[in-house]
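Student: I should like a close look at a single part of this model. Please take the place where the two chains meet, and set it in the context of each chain.

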Amino acid sequence: MKAIITVIGKDTVGILAKVSDACAQADVNIVEVTQSVLQDMFAMVMLVEIDKSNIGFEQIKENLDKVGEATGTKIHIMHEDIFNSMHKI
Amino acid sequence: MLETKDILETINMIDNENLDVRTITMGISLLDCIDEDIDKACTKVYDKICRSAKDLVKTGEDIQKEYGIPIINKRISVTPIGMVAAPCQSKKVVKFAYALDKAAKELGVNFVGGYSALVQKGFASGDYALIESIPQALSETDFVCSSVNIGSTKAGINMDAVKMMGKIVKQTAEVTADRNCIGAAKLVVFCNAPEDNPFMAGAFHGVGEADTVINVGVSGPGVVRAALAKGGAGKDITQIADMVKKTAFKITRMGQLVAQEASKRLCVPFGIVDLSLAPTPAVGDSVAHILEEMGLEVCGCHGTTAALALLNDAVKKGGVMASSHVGGLSGAFIPVTEDAGMIDAAQNGYLDITKLESMTAVCSVGLDMIVVPGDITPEVISAIIADEAAIGMVNTKTTAVRLIPAIGKKAGDELNFGGLLGRGPVMPVRQGSPETFIKRGGRIPAPLQALKN
């Protein structure tokens with residue numbers, strides 16, 4: 001299953017590295033990344049594969065929450081289908 | 001890949017605009033639990049509900065986690081108990097309410113609906129005893145909801161049932177007076193009740209339904225309001241309707257996805273998605289605020305009915321393409337105590353019961369969660385029910401009445417339930433007595449609209 005990770009917050013050094021690191025530790029494969037910085041607000045969207053992850057979805061979510069807390073950003077991980085169904089006909 | 005702006009829009013809807021799935025409701029048929037011995041029947045009812053819905057709450061929670069969509073309620077609706085109780089020798093029908101409540105507690109669901117009777121044309125065996133037991137049932141249980149259908153376009157209005165329900169609503173408030181009259185908030189009187197409604201207090205599982213079924217009710221007034229606030233300035237009404245449609249489409253697609261996923265995981269057929277805009281007392285989750293965003297100074301001023309008609313229609317048009325099966329109530333709800341904007345408008349005197357009555361002709365339900373003075377007579381309650389049922393009958397739509405007589409309070413006081421049920425001012429009702437009219441009994445004949453064949 002594919003999921004979307006979004007990271008929103010104030011731009012600081014190393015956000016991408018920290019999120020990628022959390023993914024790597026969980027064996028979550030990053031398929032695609034886009035990011036934009038508007039003024040100093042940072043928005044990153046990652047498409048990831050979580051089928052082969054060594055921990056459950058819930059644990060990945062918890063780990064990412066911790067990264068969010070540490071970097072002062074808000075991180076969500078959600079099933080890809082929710083976006084596909086809402087924004088594609 | 002998906003567009004970043006679309007992804008961020010969804011995240012923003014959930015985080016800041018109160019987007020959620022209001023309820024996953026499992027409908028369960030109890031027709032195979034019928035037994036002459038009421039205790040045996042109650043055991044069968046309890047066992048069947050616990051068996052059929054054992055994974056409902058966990059599945060709802062799992063979907064919420066994986067998809068990141070809050071799913072507020074997990075509920076159960078059952079075959080109207082009036083039918084299940086029909087062959088029972090014992091008249092202690094209230095035992096069924098205890099069985100339903102016990103099952104709800106065991107499963108951890110938020111409500112179980114279906115302590116109901118369908119008497120639009122007359123009382124069958126079991127119906128009378130069930131209706132008589134409603135005050136006791138709602139007072140002695142925590143999670144049971146009750147509804148009675150007293151009219152339909154096809155059958156007309158059963159005025160004997162209307163007369164009876166005036167009394168029952170008042171009694172239900174009286175026996176729960178020490179708990180803010182909460183019993184009356186769990187009791188709905190319908191005309192043209194839908195058989196697949198996932199929303200409480202009026203949900204029940206119709207006899208034409210499958211053995212078990214999953215129905216989902218979406219929500220999202222906050223999302224619609226925010227869309228209008230962001231892009232509505234300077235737009236004409238056609239463009240406003242279009243914006244509502246587009247937003248309703250997105251909300252409903254999410255509901256459809258959750259419904260399909262829940263249906264797959266529970267191995268229960270998918271029934272319908274109910275396209276209702278259901279408000280909550282939370283700031284930013286109000287239907288009244290959508291109407292105000294359209295350009296009304298306050299909900300309840302002249303123009304409110306037109307704005308609500310537009311909203312109701314656009315929600316359906318947007319939602320209907322987003323779901324494979326649409327049903328239930330599907331439209332905008334206007335429950336006064338559950339909507340922050342309506343509470344304000346009522347408190348400040350802009351919204352009264354007569355304006356609300358006209359609004360019910362163009363929205364999805366009826367006079368919902370309206371607090372009335374505690375000294376209201378049963379005949380006046382019956383007359384309000386009759387008026388509302390007449391609107392539903394003639395317009396071939398569902399209408400409902402959920403009045404809360406605030407025992408010991410008078411117009412201008414406040415009743416506060418807390419939680420999703422909210423709070424509201426006691427609203428005055430019109431003067432003059434309908435007593436002789438109500439006491440006549442009998443049936444209002446079905447209107448010409450019924451003769452479509």
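Tutor: The answer below begins with the contact between the chains and then moves outward to each chain in turn.

The model is a predicted one. In the contact, chain A contributes 20 residues and chain B contributes 18 residues. On the side of chain A that touches chain B, at least two residues each come from β1 (2-10), β2 (29-38), β3 (41-49), α2 (57-71), β4 (73-79) and α3 (80-87) of chain A. The largest share, 6 residues, belongs to α3(A). Sorted by class, this side of chain A holds 9 nonpolar, 7 polar and 4 charged residues.

Since α3(A) gives the largest share, this helix merits attention. Its buried residues are A:E80, A:I82, A:F83, A:S85 and A:M86. Within chain A, the buried residues of α3(A) pack against β1 and β4. In chain B, they pack against α1 (4-16), α3 (56-67) and α10 (237-266). The buried part of α3(A) therefore has packing partners in both chain A and chain B. As a general point, an α-helix has 3.6 residues a turn, so residues three or four places apart point the same way.

The two strands of chain A that pack against α3(A), β1 and β4, belong to an open sheet. This sheet has 4 strands in the order β2-β3-β1-β4, with antiparallel pairing. Its edge strands are β2 and β4 of chain A, each of which pairs on one side only. On average, neighbouring strands are turned by 15° against each other, direction ignored. Between β2(A) and β3(A), which run antiparallel, there are 9 bridges. One residue pair can be named here: A:I30 has A:V48, in β3(A), as its bridge partner. In general, strands of a sheet pair through backbone hydrogen bonds, either parallel or antiparallel.

Chain A as a whole has 3 helices and 4 strands, and along the sequence these follow the pattern β-α-β-β-α-β-α. The C-alpha atoms of chain A fill a box of roughly 35 × 35 × 20 Å along the principal axes. For 89 residues, a compact globule would have a radius of gyration near 12 Å, and the 13 Å of chain A agrees with this. Of the 89 residues in chain A, 36% are buried. Among contacts in chain A with a separation of 6 or more, 67% are between residues 24 or more positions apart.

On the other side of the contact stands chain B, with 16 helices and 13 strands. Its radius of gyration is 21 Å, close to the 22 Å that the globule rule gives for 453 residues, so chain B is as compact as a globular protein of that length. The C-alpha atoms of chain B fill a box of roughly 65 × 55 × 50 Å along the principal axes. Buried residues account for 60% of the 453 residues in chain B. Of the contacts in chain B with a separation of 6 or more, 80% are between residues 24 or more positions apart.

Chain B is assigned two parts, domain 1 (22-191) and domain 2 (216-447). Their C-alpha centres lie 22 Å apart. In the contact between them, 45 residues of domain 1 meet 51 residues of domain 2. The elements giving two or more residues to the domain 1 side include α3 of chain B, a helix that also packs against the buried residues of α3(A). The largest share of the domain 1 side, 11 residues, comes from α7(B). By class, that side has 25 nonpolar, 12 polar and 8 charged residues.

Some backbone details of chain B complete the picture. Most residues other than glycine have a negative phi, and most peptide bonds are trans. B:C181, which is not a glycine, has a positive phi of about 55°. B:C181 sits in the loop between α7 (159-175) and α8 (182-185) of chain B and is buried, because 24 other C-beta atoms lie within 10 Å. B:S330 also has a positive phi, near 40°. This residue belongs to the loop between α12 (304-322) and α13 (340-347) of chain B, and B:S330 is buried, with 25 other C-beta atoms within 10 Å. Finally, the peptide bond from B:M200 to B:A201 is cis, with omega near 10°. B:A201 lies in the loop between β6 (187-191) and β7 (212-218) of chain B.

Conventions
Residues are numbered from 1 along each chain as its sequence is written. Chains are lettered from A and ligands numbered from 1 in the order in which they are written. This is a predicted model: local features need pLDDT of at least 70, side-chain atom pairs count only at pLDDT 80 or more; totals for chains, interfaces and linings use all residues. A residue is buried if 20 or more other C-beta atoms lie within 10 Å of its own, exposed if 12 or fewer, and partly exposed in between; C-beta atoms are placed from the backbone. Two residues are in contact if their C-beta atoms, placed from the backbone, lie within 7 Å. Ala, Val, Leu, Ile, Met, Phe, Trp, Tyr, Cys and Pro count as nonpolar, Asp, Glu, Lys and Arg as charged, and the others, Gly among them, as polar. The radius of gyration is taken over C-alpha atoms; the globule rule is 2.2 Å times the number of residues to the power 0.38. Domain bounds come from an automatic or database domain assignment. Two strands pair if DSSP finds at least two bridges between them. Axes are lines fitted to C-alpha atoms, for helices over the stretch in contact, and angles run from 0 to 180 degrees between N-to-C directions.
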